[in-house]
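User: I am new to this structure and would like a close look at a single part of it, namely the aromatic cluster. Please take me through it slowly and explain each term as it comes up.

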Amino acid sequence: MSLAEPNSGTGRKPRIALMGEFSAGKSTLSNLLMGQSPLPEKVTATRLSPVWISYGNRAPYRVDVDGTTEPIEIANLESIPVEETRSIRLFLESDILEVCDLIDFPGISDPNMSSAVWERMLPEVDAVIWCTHATQAWRQSEAAVWDDMPQAVRENSILLITRFDKLTNEKDRSRVVKRVSRETQGQFGGTFPVSLLQAIQAGEDYDRWEASGAGPFTAHLIDVIEKLTELTGRTELPLYNVDSLSDVPQPVAAPVMPRRVQRPSNTSRTVRERPQADSAEELPTSIADPILRSS
């Protein structure tokens, strides 16, 4: 049963999980998407229970494994008992959180943490951005976890081959991408090599942003969020709990899509400009800013 708060309006927001091995770049990814770190600098995310982040300015709290809640101090996150905590709920006024929730999972193969800590949060997930380290991409431990992921989640999930700049020659880069693509064929909606740190450092330099690999990834992510928004508007049940997307009830009327983004048409520019909305409803900076990294 979902522990999400009631959602007013036509449907809940999609919930996208950030998953992968230890040190695969999940924290850097969350910084890129939100334009800020959701956790204090001293806090080690890998030693926390799953962190569910939503839009807003509410005070943080923890959800116990039995569903009870209690307020917490963000400065004391590392004192929260991991095994007894189902999730930590944080609220930020970050743009991307206007259109989706992010759930930051701990590393899947931490020997000091039971897999139950993150497995019990999987039923809340609609899709996953999976980070795999380029120098040891798609290990057997990753493949084993993904084998158990339902098809309804896989179809809109993304595989990021992170720290791609660590591969210093084109031969190695091509070899890794081909191998990972072959071994994960049909298991993700898209696979993208990317240097997340370079993307953050690119600032307003459009060429550096594209060179980091973030351009194709974020363009695809925009499409994924739009698809998930249409799906989650038709069911309160997270897609992890659905055998097939064909089982999701059909809409009784044409869905009203949330804010869309019009991608830049002039890809030769060196400074990225904020895209314009293509409807009367003004696009908040959510997709245009942390995803397309305009400002």
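Analyst: What follows is a walk through the aromatic cluster, with a short look at another ring afterwards.

This is a predicted model, in which local features need pLDDT of at least 70 and side-chain atom pairs count only at pLDDT 80 or more, while totals for chains, interfaces and linings use all residues. Residues are numbered from 1 along each chain as its sequence is written, and side-chain values use heavy atoms, with hydrogens and water left out.

A search of the whole structure finds 6 aromatic pairs, where rings of Phe, Tyr and Trp (its six-membered ring) pair if their centres lie within 6.5 Å, and planes under 30 degrees apart count as stacked, over 60 as edge-to-face and the rest as tilted. One of the pairs joins Trp130 and Trp146, which meet edge-to-face at 5.6 Å centre to centre, with 70° between the planes. Because Trp130 belongs to strand S7 (residues 127–133) and Trp146 to helix H3 (residues 140–147), this pair ties together parts that are 16 residues apart in sequence; helices (H or I, at least four residues) and strands (E, at least two) are DSSP runs, numbered from the N terminus. Trp130 is buried at a relative accessible area of 0%, and Trp146 is likewise buried at 0%, where buried means under 20% relative accessible area, exposed over 50% and partly exposed in between (1.4 Å probe, protein chains only).

The rings of Trp138 and Phe188 have centres 5.7 Å apart and planes at 80°, so this pair too is edge-to-face. Since Trp138 lies in the loop between S7 and H3, and Phe188 in the loop between helix H5 (170–183) and strand S9 (190–193), the contact ties together parts that are 50 residues apart in sequence. Trp138 counts as buried at 6% relative accessibility, and Phe188 counts as buried at 12%. Taken together, Trp130, Trp138, Trp146 and Phe188 form one aromatic cluster.

Another ring, that of Trp52, has a charged partner: the charged end of Arg89 sits over it, 4.3 Å from its centre, which is to say that NZ of Lys or CZ of Arg is within 6 Å of the ring centre and within 35 degrees of the ring normal. Trp52 also stands opposite Arg89 in S5, and strand S2 (residues 51–55) pairs with S5 in the parallel sense over 5 bridges, pairing being counted if DSSP finds at least two bridges between two strands. Strand S5 (residues 85–92) is mostly covered, with 8 of its 8 residues buried.
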